[in-house]
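I opened a fresh notebook page for this one and kept my entries short. Come along if you like looking for empty space inside proteins.

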Amino acid sequence: MVGGGAGYWLTRGTLGISLASAAPSDTLVTGFSFDIKTLDPGRQLENGSSHIGHATYDSLVTFDGADLTTPKPSLATGWKVSPDGKTLTFTLRRNVRFATGNPLTSADVKWSFDRVRYIKGNGAFLLNGVQDVLAPDPYSVVIQLDAPHPAILPILSSPVLGVLDSKVVTQNGGDASPDAKEKDKAEAYLNDHSAGSGPYILESQTRDQEIVLVKNPTHWRGAPSISRVVVRNIKEPATEELMLKRGDLEIAWGIGPDEARSLRQTPGVTVKTAPALNLLYVIMNNNPQVGGPFSNPKVQQAVRYALDYNGILALAGPGSVRLAGVIPTTLPGALPSSEAVKTDLDRAKQLLKDANPGDLKGQLSFSTGNVFYGVQFGIVAEKVQADLAKVGIQITLDGLPSSIALQKYRDAKDQLGIWAWAADYPDVSDYLVFVPGRTVGKRAGWPADASPDTQALADLATKAETEIDNAKRVSLYQQVNRKIAEIGPFAPMFQPVAPYAFRSTLRGVVLASTWFIDYTTVKKG
């Protein structure tokens with residue numbers, strides 16, 4: 001079974017029928033490898049959920065196509081920032097209605113943001129530093145901040161902060177009070193129903209298999225050209241390639257370099273690449289109770305020097321780049337590749353000798369279902385295992401189903417792990433999650449008060465994210481990046497380039513790193 005729910009399209013494909021134009025003209029069949037724990041915007045953070053969230057909910061601001069540098073109006077037609085950078089006032093678009101027909105007002109924006117803050121889901125960190133959200137009149141929203149926060153505009157484009165129909169969600173168990181963490185019961189409803197004003201409406205979903213969207217005919221930008229979108233979960237890049245060639249699939253963006261190379265030779269298929277605000281990294285648990293010998297800074301350094309980065313880049317394919325830190329090269333604060341750790345087995349062995357950890361064994365956890373721009377986590381895990389064996393580190397592979405692996409990682413239970421960070425919003429501040437005491441730092445068992453060095457790094461990060469002067473801001477982020485590379489329990493491996501392919505009869509197909517394909521720009525014929 002490929003991608004589950006393959007039903008009609010796959011059945012016809014297996015009969016050898018030419019399916020280059022098999023999908024009805026008003027239906028688009030797309031696919032990639034996704035993990036979805038929830039479709040509740042306030043609780044989601046996975047790529048698959050963000051993709052669906054962008055299609056079904058509108059946010060205050062957005063980005064056009066692949067341009068992730070300048071926030072554009074969406075529900076907000078304009079905004080003003082106070083001179084001290086601590087108050088933002090948004091003017092809402094008038095006459096916007098939810099798919100239910102209910103009018104969208106500032107009260108819905110406040111309710112949605114308060115719900116995210118108080119249910120304290122995975123995306124709640126996006127509103128860290130928000131002191132209050134006010135709705136002084138139906139078409140004005142005021143966001144008050146504890147401190148200047150230059151990243152707040154790109155953050156507000158996140159599907160996590162999509163605006164919900166507060167009336168409908170409240171009727172179905174929603175709560176946005178300070179007690180929402182205990183009182184809110186709307187997740188089950190939102191997993192099966194969208195409650196937004198977005199260009200598409202969730203018609204059905206079979207978790208981990210298939211999601212079907214239908215157009216919102218009353219969307220304020222006008223109804224989309226494509227009436228129905230079927231999004232399939234396809235774990236194998238080679239399967240995506242095969243399905244695209246047969247016409248079972250019209251857009252594929254889970255392919256890797258090998259599939260892209262093959263598809264470029266396929267008539268009727270267009271292949272493009274897009275920059276990816278992502279990185280793949282090894283995480284080592286800094287908590288001795290979990291990490292054991294891998295909590296030792298010298299062992300962590302040894303792991304970094306033992307990895308065969310050229311070999312790992314070969315797996316990632318052309319266009320992927322080596323990272324000197326955790327900030328992708330396309331963002332301010334990135335370090336030149338000349339600063340990246342180079343493979344040095346002798347140095348790794350000396351570090352292990354100095355650390356004297358004894359018989360060094362460990363367990364490397366990863367999701368068996370995860371595919372990172374066509375590269376399966378399991379293949380990278382085998383490569384890391386082989387590289388570490390060359391310096392005497394014996395690694396057992398701990399491949400787990402996606403949901404279990406993700407929870408173990410989030411619970412900071414990985415001794416070692418292979419994970420990817422994908423930008424929640426296109427701003428360098430999103431990579432402060434690697435700082436001690438923040439999201440990924442905590443998952444590595446790395447609290448801010450672990451040492452004077454970690455506390456200084458945490459303070460430096462706070463200074464960077466509140467700096468308004470751009471030149472100073474870039475310098476501060478570079479300092480943060482260098483310090484994480486020096487003392488952090490991470491080994492950044494590479495930043496990918498994202499290949500994607502589609503039937504050449506389609507127009508307006510653009511891949512954005514944050515939410516992938518915007519179906520409103522896609523047209524057939």
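My entries below go from the whole chain to its cores, then to pockets, cavities and two backbone details.

**Entry 1: the whole chain**

I note at the start that this is a predicted model. I counted secondary structure, and the protein chain has 18 helices and 24 strands. Next I looked up its extent: the C-alpha atoms fill a box of roughly 70 × 65 × 40 Å along the principal axes. Does the radius of gyration agree or disagree with that of a compact globule? For 525 residues the rule gives a value near 24 Å, and the chain has 23 Å, so the two agree. I also checked burial, and 58% of the 525 residues are buried. Then I turned to contacts with a separation of 6 or more: residues 24 or more positions apart account for 69% of them.

**Entry 2: the nonpolar cores**

I looked up the largest nonpolar core and found 135 residues in it. Leu60, Phe90, Tyr281, Ile418, Phe434 and Met493 have the most contacts inside this core. Which strand gives the most to it? I found β13 (residues 278-284), with six residues. Apart from this core lies another, of 14 residues, and I wrote down Leu244, Ile255, Val271 and Ala501 as being among them.

I then picked Phe434 and listed its partners, leaving aside neighbours within four places in sequence. Phe434 is in contact with Leu279 and Tyr281, with Val326, and with Trp421. The list goes on with Val440, Gly441 and Trp446, and it ends with Ile484 and Phe490.

**Entry 3: the largest pocket**

My pocket search put about 900 Å³ of space in the largest pocket. This pocket is lined by 36 residues, and closest to its centre I found Asn122, Ala124, Phe125, Asn128 and Thr439. Which helices supply at least two lining residues each? I noted α15 (402-410), α16 (439-443) and α17 (452-466). Sorted by class, the lining has 13 charged residues, twelve polar and eleven nonpolar.

**Entry 4: the second largest pocket**

I gave the second largest pocket its own entry, with about 440 Å³ of space. I counted 22 lining residues, and those nearest the centre are Leu68, Thr69, Thr330, Leu331 and Pro426. Helices α4 (152-155) and α18 (470-487) each supply at least two residues of this lining, as do strands β12 (269-275) and β22 (511-512). By class I have 16 nonpolar residues, four polar and two charged.

**Entry 5: the cavities**

How many cavities of 30 Å³ or more are there? My count came to three. The largest cavity holds about 670 Å³ of space. Its lining has 31 residues, and Glu46, Asn47, Asn370, Ala420 and Ala422 are the closest to its centre. I traced the lining to its elements: α2 (47-56), β15 (371-372), α15 and β18 (416-422) each supply at least two residues. By class, this lining divides into 17 nonpolar, nine polar and five charged residues. I recorded that α15 also supplies at least two residues to the lining of the largest pocket.

The second largest cavity holds about 60 Å³. I could list its lining in full: Leu39, Ser49, Ile52, Gly53, Thr56, Tyr57, Leu190, His193, Ser194 and Leu202. The largest share of that lining comes from α2, with four residues. I sorted the lining into five nonpolar and five polar residues, with no charged ones.

**Entry 6: two positive phi angles**

I went looking for backbone oddities and stopped first at Asn95. Its phi is positive, about 65 degrees, although Asn95 is not a glycine. I placed Asn95 in the loop between β5 (87-92) and α3 (106-119). Is Asn95 buried or exposed? Its relative accessibility is 72%, so Asn95 counts as exposed.

I then moved on to Ala412, which is not a glycine either and has a positive phi of about 60 degrees. Ala412 sits in the loop between α15 and β18. Why does Ala412 count as buried? I found 16% relative accessibility for Ala412, and buried means under 20%.

Technical notes: Residues numbered from 1 in each chain as written. Predicted model: local features only at pLDDT ≥ 70, side-chain atom pairs only at ≥ 80, totals over all residues. Heavy atoms only, no water. 1 Å grid on protein atoms, 1.4 Å probe; cavity = no way out; pocket = protein on both sides within 12 Å on 5 of 7 lines; lining within 4 Å. Points joined across faces, edges and corners; volume = space filled by probe spheres on them. Nonpolar A, V, L, I, M, F, W, Y, C, P; charged D, E, K, R; others polar. Core = buried A, V, L, I, M, F, W, Y, C linked by side-chain atoms within 4.5 Å. Buried < 20%, exposed > 50% of the residue type's maximum accessible area, 1.4 Å probe, protein only. Contact = heavy atoms within 4.5 Å. Rg over C-alpha atoms; globule rule 2.2 N^0.38 Å.
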